[in-house]
Amino acid sequence: MTAWPWYVAGPLIGLFVPALLVVGNRMFGISSNLRHVCAAVLPTRAEYFRYDWRRTGGWNLAFAFGILLGGAIVGLTAAPDGTMQLASEAHVSMTALGVTDFRGLVPRELFSWTALTTLPGVVMLSGGGLLIGFGTAYAGGCTSGHAIAGLADLQTPSLVATLGFFAGGLLGTWVVLPMLLRH
Amino acid sequence: MTITLTVPTSVPSSATDSTAISRRVAGLLVYATLGTLFGIVLTRAQVVSWFRIQEMFRFQSFHMFGVLGTAVLTAALSLHLIRRFGVRSVDGTPISVPAKAMGTGTRYWLGGSLFGLGWALVGACPGPLLAVLGSGVTVFLVPILSALTGTWLYGLLRPRLPH
């Protein structure tokens, strides 16, 4: 599957910010859904989860469900399991991490149910997921809310958060992953 | 939980309820449709791919930077035009973008870094987690459930964390 070029995908993604504002005065952001789901399904006395999640988050949960559906539509129609066309340097770096199969959106050697029985698999899938949930809640947003909508609105907190995203990402890519996957 | 319903006395309550419900369902369908389009763009642009995230954090490809950069520029230009022309949302209310409180800033750099680390490990942020699962990689249920656990932990620890 050939990737849509950045100059097509980027502007399309950016347009979701005004679209959501015009449709219902909603600010673009995805990670709040993690909070809404916790508020909906987990009985807890924590004040953070005591609010009317249907009123505040109903729209966003519907949007998130749509993302799942969008992924499914591409999965069924666009054969996303073809070989990824990556930069040649990236190919070399990832081969050094032990990746040999470059078919599909994610390397199946690292992201499969059997990989969950290995230490790198558990750290990447469970540990990584835990950090995503904790970090986005703490920072009050993720790539969509801070790095796209917040930066576009010239909000300083979002700039700080985005710099944090990259600091953490560089640490994960250059230090943690090579340590985990060294053969 | 108590639910309070206020119904105008002049209108039969069943009619009001069904109108309100159908309006709410229609609203949710609009957001679900927008989400579907968003999911298609994310997946077709491969920004949901662990491979592309690795390329980005290794500065080996311009693709992700191009996507994020033009997304921010497009959103910024849109917000500028919305303000310039006083655009209202379809229900007639003025469009307002809430400002985020800086506080000490700890939550932004620390929470942001923790999320960034997770982003590099899984190769997906919250939206893409759902898109990858939808595309058929069922093991992504694990990072999604873990992310819910992470948010739940934050909710419990929140009173003790510096913000």
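This report describes a predicted model with chains A and B, going from each chain to the contact between them.

Residues are numbered from 1 along each chain as its sequence is written, chains are lettered from A, and ligands are numbered from 1 in written order. Because the model is predicted, local features need pLDDT of at least 70 and side-chain atom pairs count only at pLDDT 80 or more, while totals for chains, interfaces and linings use all residues.

## The two chains

Both chains are described here by helices and strands. These are DSSP runs numbered from the N terminus: helices are H or I with at least four residues, strands are E with at least two. Chain A has eight helices and zero strands. Chain B has six helices and zero strands.

Burial is counted from C-beta atoms placed from the backbone. A residue is buried if 20 or more other C-beta atoms lie within 10 Å of its own, exposed if 12 or fewer, and partly exposed in between. Two residues are in contact if their C-beta atoms, also placed from the backbone, lie within 7 Å.

| Property | Chain A | Chain B |
|---|---|---|
| Helices and strands | eight helices, zero strands | six helices, zero strands |
| C-alpha span along principal axes | roughly 50 × 40 × 35 Å | about 65 × 40 × 40 Å |
| Buried residues | 52% of 183 residues | 47% of 163 residues |
| Contacts between residues 24 or more positions apart, among those with a separation of 6 or more | 50% | 44% |

Confidence in chain A is given by pLDDT, the predictor's confidence in each residue, from 0 to 100. The chain A average is 95, and 99% of its residues score at least 70. Helix H1 (residues 6-14) of chain A has the highest confidence, at 98. Helix H5 (residues 88-96) of chain A has the lowest, at a mean of 94.

Chain B follows the pattern α-α-α-α-α-α along its sequence. Its radius of gyration is 21 Å, well over the 15 Å that the globule rule gives for 163 residues, so chain B is more spread out than a compact globule. The radius is taken over C-alpha atoms, and the rule is 2.2 Å times the number of residues to the power 0.38.

## Domains of chain B

Chain B is divided into domain 1 (1-6 + 13-96) and domain 2 (103-163). These bounds come from an automatic or database domain assignment. The domain centres, taken over C-alpha atoms, are 19 Å apart. Each domain of chain B gives ten residues to the contact. On the domain 1 side, H1 and H2 of chain B each supply at least two residues. H2 of chain B gives the most there, with four residues. That side has six nonpolar residues, four polar and no charged. Here Ala, Val, Leu, Ile, Met, Phe, Trp, Tyr, Cys and Pro count as nonpolar, Asp, Glu, Lys and Arg as charged, and the others, Gly among them, as polar.

## Where the chains meet

In the contact between chains, 101 residues of chain B touch 113 residues of chain A. Helices H1 (13-44), H2 (50-57), H3 (63-84), H4 (106-122), H5 (126-134) and H6 (141-157) of chain B each supply at least two residues of the chain B side. That side holds 59 nonpolar, 36 polar and six charged residues.

The largest nonpolar core has 100 residues. Such a core is a set of buried Ala, Val, Leu, Ile, Met, Phe, Trp, Tyr and Cys residues joined through C-beta atoms within 7 Å. A:Ala9, A:Val17, A:Ile148, B:Val67 and B:Val132 touch the most other members. Helix H4 (residues 53-77) of chain A gives the largest share, eleven residues. Domain 1 and domain 2 of chain B each contribute at least three.

Not counting residues up to four places away in sequence, B:Val67 touches A:Trp6, A:Ala9, A:Gly10, A:Ile13, B:Ala45 and B:Val47.

B:Tyr108 sits in helix H4 of chain B. B:Tyr108 counts as buried because it has 29 C-beta neighbours inside 10 Å. With the same sequence neighbours left out, B:Tyr108 touches A:Ala139, A:Pro157, A:Val160, A:Ala161 and A:Gly164.

## Two loop residues

Most residues other than glycine have a negative phi. B:Gln46, not a glycine, has a positive phi of about 60°. B:Gln46 lies in the loop between H1 and H2 of chain B. B:Gln46 is buried, with 26 C-beta neighbours inside 10 Å.

B:Phe59 also has a positive phi, of about 55°. Its place is the loop between H2 and H3 of chain B. B:Phe59 is partly exposed, since 14 other C-beta atoms lie within 10 Å.
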